[in-house]
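Colleague: I should be grateful for a close look at one part of this protein, the surroundings of a single core residue, set within the fold as a whole.

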Amino acid sequence: MPMEKGSNKETRGLIIIFTGDGKGKTTAALGTALRAVGFNFNVLMIQFVKGKYPYGEHTSAKKLVPNFEIIIKGRGYYKLPGDKIPEEEHKRAAQEGLSLARERMRSGDYHLIILDEINNAIHTSLLPVEEVLDLLKEKPPSLHLILTGRNAHPDLIAKADLVTEMKEIKHPFRGGILAQKGIDF
Ligand code: ATP
Ligand code: MG
């Protein structure tokens, strides 16, 4: 039986942050997306600074058209080994991601918008935190917004309704085990 779309009037849109140095921030956001799509809600994920793996979620999202869309706006990991992209290009991509978020937010078409790795973009000064705070001010009351990435800014944490810190207890990278398909990407 198809599930009915929930009434947006009853929805109290939350600002959610998944941060910390342990694994699970992006996957927690994807899990929430999967849950929302189950109610035929529309979900958009915009990815900021991000690696170049063939991420499984990009293929999965295509199977959930038209309810789930992932748009990549980052130019890869910023200032990490192998990054040959000029700083200005990283900044431009981050700004494009933010403009797109604003535009899609205003459309009123979404139940959930995920700004994946935006905390890293702010922490590495690709995006001014003030601009993200301005975006939060504009959030429609019924829209849920998830911000992921390490080192969430304290001013964003202050505005959030839900903040979870993933804390590393163990990570296989420490034992030299590389990223696993379907788990890490
Ligand atoms: P995931 O996308 O798997 O949910 P994440 O969003 O919490 O992870 P990021 O900081 O975005 O983590 O880093 C992405 C990649 O780095 C993933 O492949 C993840 O396994 C790896 N990673 C996450 N936490 C750690 C850690 N504590 N040490 C080393 N690598 C990590
Ligand atoms: Mg992540």
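Modeller: A residue counts as buried when its relative accessible area is under 20%. Met45 has a relative accessible area of 0% and is therefore buried. The model is a predicted one, and what follows describes that prediction.

Met45 has its place in strand S2, which spans residues 43-47. Leaving aside residues up to four places away in sequence, Met45 touches Thr26, Ala29 and Leu30, then Phe68, Glu69, Ile70 and Ile71, and finally Ile114 and Asp116. Two of these partners, Ile114 and Asp116, fall within the range of strand S4, residues 112-116. Ala61 is 16 residues from Met45 along the chain, and the C-alpha atoms of the two are separated by 9.6 Å.

Met45 belongs to a core of 17 residues, which also includes Ala36, Phe41 and Leu112. This core is separate from the largest nonpolar core, which holds 32 residues. Within the largest core, the residues that touch the most other members are Phe48, Ile113, Leu115, Ile118, Leu127 and Leu156. The elements giving two or more residues to the largest core are strands S1 (15-19), S2 (43-47), S4 (112-116) and S5 (144-148), together with helices H3 (87-107), H4 (118-123) and H5 (129-137). Strand S2 thus appears in both descriptions: Met45 of the second core lies in strand S2, and strand S2 also gives residues to the largest core.

Leu127 may serve as a view into the largest core. With residues up to four places away in sequence not counted, Leu127 touches Phe48, Ala94, Gln95, Leu98, Ile118, Ala121, Ile122 and Val132. Of these, Ala94, Gln95 and Leu98 lie in the range of helix H3, Ile118, Ala121 and Ile122 in that of helix H4, and Val132 in that of helix H5.

As for the setting, the protein has six helices and six strands, in the sequence order β-α-β-α-β-α-β-α-α-β-α-β. Its radius of gyration is 16 Å, close to the 16 Å that the globule rule gives for 185 residues, so the protein is as compact as a globular protein of that length. The C-alpha atoms fill a box of roughly 45 × 35 × 30 Å along the principal axes. Buried residues make up 45% of the 185 residues. Among contacts with a separation of 6 or more, 80% join residues 24 or more positions apart.

How values were computed
Residues numbered from 1 in each chain as written. Chains lettered and ligands numbered in written order. Predicted model: local features only at pLDDT ≥ 70, side-chain atom pairs only at ≥ 80, totals over all residues. Heavy atoms only, no water. Core = buried A, V, L, I, M, F, W, Y, C linked by side-chain atoms within 4.5 Å. Buried < 20%, exposed > 50% of the residue type's maximum accessible area, 1.4 Å probe, protein only. Helix = DSSP H or I, 4+ residues; strand = E, 2+ residues; numbered from the N terminus. Contact = heavy atoms within 4.5 Å. Rg over C-alpha atoms; globule rule 2.2 N^0.38 Å.
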